[in-house]
Amino acid sequence: MMHKTGTLLRTVFSRSWLAESIRKPALLPCAGTISRYTASSSSNSALITDRQLLYPPKYNTPREAWVETLGTLEGRKVGLIPLHPDIFAEFPRIDVIHENVKWQKLYQHVDYAHQRTRAEMPGGGRKPWPQKKTGRARHGSIRSPLFKGGGAAKGPRGPKSFFYMLDLQNRAKGLKCTLSAKFAQDDLHIVDSFESLSSPESQFLEALAAKRNWGLSVLFVDDTDFMAKNIALACRGLPSFTLMPVYGLNCFSMLKHETVVLTTRAVDKIEERLKRVDNLLRQNDPRHAR
């Protein structure tokens, strides 16, 4: 009994010491939204150990994520960086995500259904029969909606646009909820840059995604629309692998793909823009601030 108790205490002590060592600020210093990265000079490879945030969180602790490289199939960890909790640790509001997906589907939808009225139908200019003394109902044209082959009374009059704009608060909230859900499900990965991809072959990128359990569809997001040559050529032969700049990031595309891969520069710009929106909402209405 004493042996079991001692083993249990040693296990608990070792786990608590490990958790405490991970939380030490000297090991993983951080402050809040991306400004710069600091690389360790103790090794030949640049190990990212520090990331200063432009908008430090006031109440929550930053989340941490590994930074990988695309040079090999297995992937090499090149650092551990903090992520802003207001962006990557938001409570997943399913209703807000649904509103964003519904908005994205409707704002570009156009209904082209169109039916002609009796005035637009050809023919029917004369009265089909006299008004009186025939025993039949009174009619003035065979293109009346009462006749077969006549015009429609209240049919669709397309093209009809369903465009509307979702408010800024829900758009930003939807992005934060989707990013947080992807990060919590381990479907969001961060790489140093897309230039580290060593081969332009589609088979290499497909094998890399299969080796790292990224799934059948991957969304690669960078801070600019000028993508690296190798990853652009590799994704060209893979219809389910998509390249996207930060300014095109949306909830529907992130939910459509199984895995989202961000570069460190993309994380910088995402946090900077979303926190800028938070500050704008805070200035307009203090109730929107966290």
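Biologist: Which residues make the nonpolar surface patch of about 310 Å²?

Modeller: The model is predicted, and its surface has a nonpolar patch of about 310 Å². One member, Phe163, is found in the loop between strand S6 (160-161) and helix H4 (168-184). The patch is made by Tyr107, Phe163 and Met165.

Biologist: What is the mean pLDDT of the chain?

Modeller: Some stretches score poorly: over residues 1-35 the pLDDT is below 50, and it stays under 50 over residues 40-45. Still, 81% of the residues reach 70 or more. The mean pLDDT of the chain is 84.

Biologist: Is phenylalanine 88 buried or exposed?

Modeller: Phenylalanine 88 is found in helix H2 (residues 85-88). Leaving aside neighbours within four places in sequence, phenylalanine 88 has contacts that include Leu179, Phe183, Leu262 and Val267. Its relative accessibility is 2%, and buried means under 20%. Phenylalanine 88 therefore counts as buried.

Biologist: How many Å apart in space are phenylalanine 88 and cysteine 177, C-alpha to C-alpha?

Modeller: In sequence, phenylalanine 88 and cysteine 177 are 89 residues apart. In space, C-alpha to C-alpha, the two are 7.7 Å apart.

Biologist: Why are the buried residues of helix H6 on the same side of H6?

Modeller: In helix H6 (residues 229-236), the buried residues are Ile231, Ala234 and Cys235. They are on the same side of H6 because the arc they cover around the axis is only 95 degrees.

Biologist: Which exposed residues does the face of H6 turned away from its buried side carry?

Modeller: The buried residues of H6 pack against helix H5 (202-211), strand S8 (218-222) and strand S9 (241-245). The face turned away from that buried side carries the exposed residues Lys229 and Arg236.

Biologist: Which two residues does a cis peptide bond join?

Modeller: Most peptide bonds are trans. Here there is a cis bond, with omega about 0 degrees. One of its partners, proline 159, is found in the loop between strand S5 (110-111) and S6. The bond joins glycine 158 and proline 159.

Biologist: What is the relative accessible area of asparagine 213?

Modeller: Asparagine 213 lies in the loop between H5 and S8. Asparagine 213 has a positive phi of about 60 degrees although it is not a glycine. Asparagine 213 is exposed, and its relative accessible area is 68%.

Biologist: How many residues apart in sequence are the parts tied together by lysine 176 and aspartate 278?

Modeller: The side chains of lysine 176 and aspartate 278 meet in a salt bridge, 3.2 Å from N to O. Lysine 176 lies in helix H4 and aspartate 278 in helix H8 (residues 264-284), so the pair ties together parts of the chain that are 102 residues apart in sequence.

Biologist: Is aspartate 222, the salt-bridge partner of arginine 265, buried or exposed?

Modeller: The closest N and O atoms of arginine 265 and aspartate 222 are 3.5 Å apart. Arginine 265 lies in helix H8 and aspartate 222 in strand S8. Arginine 265 is partly exposed, with a relative accessible area of 32%. Aspartate 222 has 2% relative accessibility and so counts as buried.

Biologist: In which helix do arginine 276 and glutamate 272 both lie?

Modeller: The side chains of arginine 276 and glutamate 272 meet in a salt bridge of 2.8 Å, N to O. They are 4 residues apart, about one turn of the helix, and both lie in helix H8.

How values were computed: Residues numbered from 1 in each chain as written. Predicted model: local features only at pLDDT ≥ 70, side-chain atom pairs only at ≥ 80, totals over all residues. Heavy atoms only, no water. pLDDT = per-residue confidence, 0-100. Contact = heavy atoms within 4.5 Å. Patch = residues over 30% accessible without salt bridge, like charges linked within 9 Å, V, L, I, M, F, W, Y side chains within 5 Å. Areas by Shrake-Rupley, 256 points an atom, 1.4 Å probe, with all protein chains shown as cover. Salt bridge = Lys/Arg side-chain N within 4 Å of Asp/Glu carboxyl O. Helix = DSSP H or I, 4+ residues; strand = E, 2+ residues; numbered from the N terminus. Buried < 20%, exposed > 50% of the residue type's maximum accessible area, 1.4 Å probe, protein only. Arc of directions from axis to C-beta.
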